[in-house]
Amino acid sequence: LSAAAVIRDFGARLRRGEPGLVEEIQRAAFACTSEAIRKITITACQAFDLWPPQQSPDGVAANDHVYQDTSAPLDVIAQRAYNSMRLHSGKLDCEQQGSVCPFTASFLLDFACDLGVPEPEMSPIHRARLAGLEARIAEWEARSSEQPTSPLPAAKAVPRENVHYILQVDILSATELRIPKYRKLTRALSGRDSLHAELHLGGQTQITAALEIAPEVQSVDFANERKLFLCTADPALTVKVRSGTILCGHPVIGEATLPLDAGFR
C-alpha cells in the first residue's frame, strides 16, 4: 500500500511536468535509444556475416571502440562495436549523456507511457547516427548484391548420386498473420515490420525476399516467388514465416511441414 501511494505521487508529479522528473524521463529515453542503436548495429552486422568479426579491418586498433561513428564503413563499425563489447565484458555500456542503465531506463519509459506521458522525441545525435548507419547498411547491401549467387544454395553439399529430382516450390501467400506489437519508441527506432518465409529441405535453405508490412496486416502476397531444391531422401519440406524488425529480430510466427511424395525420394 505504501508503494502504491508513492507511485501515485510520482505519477501525479510527472503528469504536472515537474522539471526534475521530466529530465529523468528524457535521460531514460536517451539511454534506451543508445542501447537500441547498439543492438541494431550488431543485428545489421550479423546479417552481413560481420559479427563476430573474423579479421580486424586495417587501422582499427583493439582499443578502438567508438562504434557510434557511423560515417565509417560497416566492417569498421562492426569491429569497434565488438571491441566495445569485449571492453565491457558484454555488459550494457551507458553513454555520458544518458548514463541510466538501459533496463532501468526501459522501466521508467514504460511507467511514463502507462501514465499517458508522451515519449520524448529522438535526439538529433541519435537521428544522425541512425541515418549514417542506414547509409552504411545500404552501401554494404549494394556491395553484397554484386557477389554472384547460385539458384540452388547448398547444392554442393548434396552428393549427386542421392539426387533424383529438382523440386520447384512456388510461394503464393501467407494468411491469418498475427504480427508482434512494439512500443512507440521501439517502432520509431526499428522502422516498419518486415516478413519473409524460410524453406528448408535437408541441408538446403531458401529464403524469400523480405516484404515490408504494416502492423495490422493479416495476409501478404509473395507474388508467386519460386524456389528450387535438389530432392534427396528427406521426407518433408519445412516452411517457417518470420516477422519483426531489425531491432527486435525476426521471430517465427508460423511453421508448417509439407510431406513429400515417396516418388520424389
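**Briefing: one loop, then the rest of the chain**

Asp-49 sits in the loop between H2 and H3. What you are looking at is a predicted model, with a chain of 6 helices and 7 strands. Reading along the sequence, you meet them in the order α-α-α-α-α-β-α-β-β-β-β-β-β. Here's a quick tour, starting with that loop.

**The loop between H2 and H3**

- Asp-49 has a phi near 60°, which is a positive value in a residue that isn't glycine.
- For background, most residues other than glycine have a negative phi, and most peptide bonds are trans.
- Is Asp-49 buried or exposed? Asp-49 counts as exposed, because its relative accessibility is 66% and the cut-off for exposed is over 50%.
- The loop has another thing to look at: the peptide bond joining Trp-51 and Pro-52 is cis, with omega at about -10°.
- Pro-52 also belongs to this loop, which runs between helix H2 (19–47) and helix H3 (74–87).

**Salt bridges**

- How many salt bridges does a search of the whole structure find? The search turns up 11 of them.
- As a reminder, side chains of opposite charge can pair when their charged atoms come close.
- One of these pairs is Arg-13 with Glu-18, whose side chains meet at 2.8 Å, N to O.
- That pair has company: Asp-9, Arg-13 and Glu-18 are linked in a network of salt bridges.
- Glu-18 is partly exposed, with a relative accessible area of 26%.
- Arg-127 pairs with Glu-121, and here the closest N and O atoms are 3.6 Å apart.
- In that pair, Arg-127 is partly exposed at 46% relative accessible area, while Glu-121 counts as exposed at 64%.
- Glu-139 and Arg-136 make another salt bridge, with 2.8 Å between the closest N and O atoms.
- Where do Glu-139 and Arg-136 lie? Both are in helix H5 (residues 124–145), and they are 3 residues apart, about one turn of the helix.
- The two ends of the H5 pair fall into separate classes: Glu-139 is partly exposed, with 46% relative accessibility, whereas Arg-136 is buried, with 13%.
- Arg-136 gets the buried label because 13% falls under the 20% cut-off.

**The hairpin of S2 and S3**

- Strand S2 (residues 193–201) runs antiparallel to S3, and 4 bridges join them.
- Across the pairing, Leu-201 stands opposite Gln-204 in S3.
- The hairpin leaves 2 residues between its strands, and Gly-202 takes a positive phi near 60°.
- Which side chains of strand S3 (residues 204–207) are buried? Gln-204 and Gln-206 are buried and point to one face.
- Thr-205 and Ile-207 point to the other face of S3 and are not buried, so the side chains alternate along the strand.

**The second largest pocket**

- The second largest pocket has a volume of about 400 Å³.
- Its lining is made by 22 residues, and the closest to its centre are Ser-173, Ala-174, Val-239, Val-241 and Ala-256.
- The elements that give two or more residues to this lining are strand S1 (166–174), S2, strand S6 (236–244) and strand S7 (252–259).
- Which element gives the most to the lining of the second largest pocket? That's S1, with 6 residues.

**Thr-232 and Leu-167**

- Thr-232 is found in the loop between strand S5 (220–230) and S6.
- With a relative accessibility of 12%, Thr-232 counts as buried.
- Thr-232 and Leu-167 are 65 residues apart along the chain, and their C-alpha atoms are separated by 9.8 Å.

**The chain as a whole**

- The chain has 265 residues, and 38% of them count as buried.
- About 15500 Å² of the chain is exposed, with carbon and sulfur atoms supplying 53% of that area.
- Take the contacts between residues at least 6 apart in sequence: 69% of them join residues at least 24 apart.

Definitions and conventions: Residues numbered from 1 in each chain as written. Predicted model: local features only at pLDDT ≥ 70, side-chain atom pairs only at ≥ 80, totals over all residues. Heavy atoms only, no water. Buried < 20%, exposed > 50% of the residue type's maximum accessible area, 1.4 Å probe, protein only. Pairing = 2+ DSSP bridges. Salt bridge = Lys/Arg side-chain N within 4 Å of Asp/Glu carboxyl O. Contact = heavy atoms within 4.5 Å. Areas by Shrake-Rupley, 256 points an atom, 1.4 Å probe, with all protein chains shown as cover. 1 Å grid on protein atoms, 1.4 Å probe; cavity = no way out; pocket = protein on both sides within 12 Å on 5 of 7 lines; lining within 4 Å. Points joined across faces, edges and corners; volume = space filled by probe spheres on them.
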